[in-house]
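Let's take a friendly walk through this structure together, looking at its enclosed spaces and at some details of its backbone. Please keep the 3D view open as you read.

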Amino acid sequence: MRGNEEEVLAQALAWLESGRRAALLTVLGTYGASPRPPGSMALIRDDGAIFGSVSGGCVEDDLRREIAGGGFFDGGPAVRVRSFGVSVEERQRYRLPCGNSLRVAVECAPDAAQLEALLQAARARRPLWRHVRYGDGSASLAESGPDAAFAEDETGFSVRHGARWRLLIIGASELGRYLAQIAVTLDYAVTVCEPREEYRQDWPLPDVPLSAEMPDDLVLAFACDRYAAVVAVTHDPKLDDLALMEALKLPCQYVGALGSATTTLKRKARLAEHFGLTPEQLDRLHGPVGLAIGSRTPAEIAVSIAADLVASRSALQRAAAAEAPQACRA
């Protein structure tokens, strides 16, 4: 299982190692509706082949013609910034959503060694920042960087690779396995907590860590922040409540638990009575977990939970973008 970031990095290395040239595209800014957030990546090879997306297909054709049209790799700035949808006519031409504009950085010669380091970080779910300068096109890697997953100023931009988002799933049941597989493709670094030995046997996902620790201990060790989510799906209150009593006290992006509306009310009452959680903390619980899409099977419920995680993550990204200073329009 690989997320989008890992797939793009692996494809870039494969093309470069085969002797082809490829431009690395990075979304810098979106204004209005957009299918791809800042920091998203795609590739265009010297013959026009495209891998990944920066706009859902709206502007890739123009970028492909520019890059494959000859001379792109032979001169000019190492990093070029392209803007789309600045005028109403452009938005209509590119079929961009109403009110939207898009800015993309195009790197002519991404460094293969850096891409390999980023790929290894993505596979290890280890955060690694890449800083790119507009002036000379230089790029560098660092173990630390801005608090946000993406940042830009007049000198360049920084993207956090590796573990941008983390998900701790309580329970290795069939539902937990389905949710883990979907979440990995959404670029979550997933860990599954399962203290019950019978559920740990024959764990089928070798790339997803499986822990036998008790849920409360693992939640605390997970060091939850606003880029972390905790979802309890054991349907065993002795385990789910242990996770929730700690997670709801922490600044998690999302905390959810499997169960009906009646089960959720009883759970909140227990958490208040026995663990002292406040009404404000209990209000943060997503329960019943997932979007109401009529899901019934474990796979369908996993889809509904994943969709709710995406909705929560998108809301957080919009809030962060609104708080951040306006990016330069180089």
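Does Asp187 count as buried, partly exposed or exposed, and what is its relative accessibility? Keep in mind that you are looking at a predicted model. The relative accessibility of Asp187 is 27%, and because the partly exposed class runs between 20% and 50%, Asp187 counts as partly exposed. To find Asp187, go to the loop between helix 5 (174-185) and strand 11. Its backbone deserves a look too: although Asp187 is not a glycine, its phi is positive, at about 70°. For context, most residues other than glycine have a negative phi.

Asp187 also leads us to the interior. The structure holds two cavities of 30 Å³ or more, and Asp187 is among the residues that lie nearest the centre of the largest one, together with Glu5, Ala122, Arg125 and Gly162. In total, 10 residues line this largest cavity, and the space inside amounts to about 80 Å³. Helix 1 (4-17) and strand 11 (188-193) each supply at least two residues of that lining. Sorted by class, the lining has four charged, four nonpolar and two polar residues.

Now turn to the second largest cavity, with about 40 Å³ of space. Its lining is made up of Leu24, Thr26, Met41, Arg130, Phe157, Val159 and His161. Where do these residues come from? Strand 1 (22-31) and strand 9 (156-161) each supply at least two of them, and strand 9 gives the most, with three residues. By class, this lining divides into four nonpolar residues, two polar and one charged.

Back on the backbone, Asp202 is another residue other than glycine with a positive phi, in this case near 55°. Look for Asp202 in the loop between helix 6 (197-200) and strand 12 (210-211). How accessible is this residue? Asp202 has a relative accessibility of 75%, and because the exposed class begins over 50%, Asp202 counts as exposed.

Our last stop is a peptide bond. Most peptide bonds are trans, but the one that joins Gly287 and Pro288 is cis, with an omega of about -5°. You can locate Pro288 in the loop between strand 15 (285-286) and helix 11 (298-323).

Key: Residues are numbered from 1 along each chain as its sequence is written. This is a predicted model: local features need pLDDT of at least 70, side-chain atom pairs count only at pLDDT 80 or more; totals for chains, interfaces and linings use all residues. Side-chain values use heavy atoms; hydrogens and water are left out. On a 1 Å grid over the protein atoms alone, a cavity is a set of points where a 1.4 Å probe fits but cannot get out, and a pocket is an open set with protein on both sides within 12 Å along at least five of seven lines; lining residues have an atom within 4 Å of a point. Grid points are joined across faces, edges and corners, and a volume is the space filled by probe spheres set on the points. Helices (H or I, at least four residues) and strands (E, at least two) are DSSP runs, numbered from the N terminus. Ala, Val, Leu, Ile, Met, Phe, Trp, Tyr, Cys and Pro count as nonpolar, Asp, Glu, Lys and Arg as charged, and the others, Gly among them, as polar. Buried means under 20% relative accessible area, exposed over 50%, partly exposed in between (1.4 Å probe, protein chains only).
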